[in-house]
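Got a minute to go through how some labels on a model are earned? Here it is.

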Amino acid sequence: MGIYLTLILCLGLAEIVRRCISSLMLAFTGPLSKIPGPFVSKLTRFPWALESIQGKHMNFTHRLFQRYGDIVRVAPTTVLIADKAGIQKILVEEDLVKAPFFDALRLHPGNPMLVTERNKASHKSTDVMSATSLGGSSHLVTSNDTKLKKTFVSILVKAAINGQFPYLRYIPFWPQPISAEMNRLLENVLKKRDIAGQPAKRDIVQIILDAHQTDPVGFPEIRMRDEITMFMVAGSETTSASTTAILLHLVNNPAKLKLLEEEIESKFSENDEITFAKLHDLPYLNAVIWEGLRLMTAPAGLLRYTEKPTIISGYEIPSNTIVQPWPMALMKDPRIWPDADSFIPERWLGVYKGVEANRSDVLAFSAGSRNCIGWQFAMREMRLILARLVRRYELSLVEGQSHERRYHSTPWFVQGFYKVGIKQRQPSHA
Ligand code: HEM
């Protein structure tokens, strides 16, 4: 018994020593050791994971980029990239695979989903929803429940925790991403469908239901449920956070809001209905949206992974490294955007201070093969919401509100809301 115990202790000790040596080797030798970053990040991912879980990593990274430059090592095998060429290389030129983080985001372990699929070939073949399918209303969310936002944010927070510490979800009773509230919402959506009968409308839910009906083995019920749930989160929280951000900038810049009101008034007479189709070519409205997305949409989850050594931003990145493009840094980079922190829709209407704004530098919807599948749909939705709101109401700033935000895939206000003053215009037909 004594010998066995000693043997086990020795093996345990040997394993600890082995791990310490390999951590030190990883920290201080090899290509990653040349990448600048805080000393502690060479040894542990804990500080980075903590910032991410708390949703505070935006401010943290801002400080890191200012101190260390466009490429920063934030964990032993994780590197953030802020420069345009590096981001382009990761997302478009090399089109690197998604990081293992996404395996932990599956709603049911082992069950594949479009968003979490890492294998390129499987992603292509399972992409049942093309962007063109997202033509009309998604009809995903049919509830006015005030708990909705909290439910979505809670999924994103739990996803962030699971992504950073994947083993936690195997602990019995560890809260899983999908709550009873989310399941109730899904049931509400499904209840309204006749799964066996003819589809009532061609929207995302129906496309997913059809995929299940056509191939119940290849696309089983659990997959169908997870896809619809993920679309509810991916499609609604992002759009509502972005629209809120744009409204925030408008009410804080009344002169720009006035220009938008004038454009809407000039295009629509009192009796005109404002529809998706009529909103495509409103230059100022589009400029307002792109400028709002530039300033506040912060897709932090663009995690990619090197499967072979790759040169990025002048550094050799070895295989099995998480490379994370940091679009917020690019979208506010004063080297690219004059008056980078100011809300200036005019930069999208021509040359502003010698620079022509370029949509490919606003990575609100990411880029490459894994960019946002619903981006055109989201743009249409935001145009419609903003145009209708502006025509129907006089919007104004409610002074004294905090702009402090946290980020879990999308930004949210610490106080849970951002108030905007509204007064009905007379007369109104919007
Ligand atoms: C303003 C609104 C939106 C923003 C800012 C946004 C942002 C993003 C970003 C940044 C990604 C890519 C993440 C990456 O590269 O790893 C993404 C992916 C995705 N988005 Fe959106 N999104 C929005 C609206 C929508 C809508 C309306 C839908 C669906 C109805 C949607 C569905 C998806 C899906 C399914 C993916 C995963 C695609 C894949 O992995 O291949 N999004 N979104």
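**Labels and the values behind them**

This is a predicted model, and N320 is placed in its loop between β6 (315–317) and β7 (322–325).

Q: Why is N320 called exposed?
A: Count the neighbours: N320 has 12 other C-beta atoms within 10 Å. The label exposed goes to residues with 12 or fewer, so N320 is exposed.

Q: What makes the phi of N320 worth a look?
A: Most residues other than glycine have a negative phi. N320 is not a glycine, yet its phi is positive, at about 65°.

Q: Why is S366 called partly exposed?
A: S366 has 18 C-beta neighbours inside 10 Å. Buried needs 20 or more and exposed needs 12 or fewer, so S366 counts as partly exposed. S366 sits in the loop between β9 (355–356) and α14 (375–392), and its phi is positive too, near 65°.

Q: How do you know that α10 and α14 are oblique to each other?
A: Their packing angle is about 45°, with the axes 10 Å apart. Roughly parallel would take an angle under 35 degrees, and roughly perpendicular runs from 65 to 115. The pair is therefore oblique, and its crossing is right-handed.

Q: Which residues of α10 and α14 meet?
A: From α10 come T238, T239, S242, T243 and I246, and from α14 come A378, E381, M382, I385 and L386. That contact divides into five nonpolar, four polar and one charged.

Q: Which helix gives the largest share of the largest nonpolar core?
A: The core has 88 residues, with V79 and I246 among those touching the most other members. Helix α10 (residues 221–252) supplies the largest share, 13 residues.

Definitions and conventions: Residues numbered from 1 in each chain as written. Predicted model: local features only at pLDDT ≥ 70, side-chain atom pairs only at ≥ 80, totals over all residues. Core = buried A, V, L, I, M, F, W, Y, C linked by C-beta atoms within 7 Å. Helix = DSSP H or I, 4+ residues; strand = E, 2+ residues; numbered from the N terminus. Axes fitted to C-alpha atoms, helices over the stretch in contact; angles between N-to-C directions. Parallel < 35°, antiparallel > 145°, perpendicular 65-115°, else oblique. Left-handed = near helix turned anticlockwise from the far one by under 90°. Contact = placed C-beta atoms within 7 Å. Nonpolar A, V, L, I, M, F, W, Y, C, P; charged D, E, K, R; others polar.
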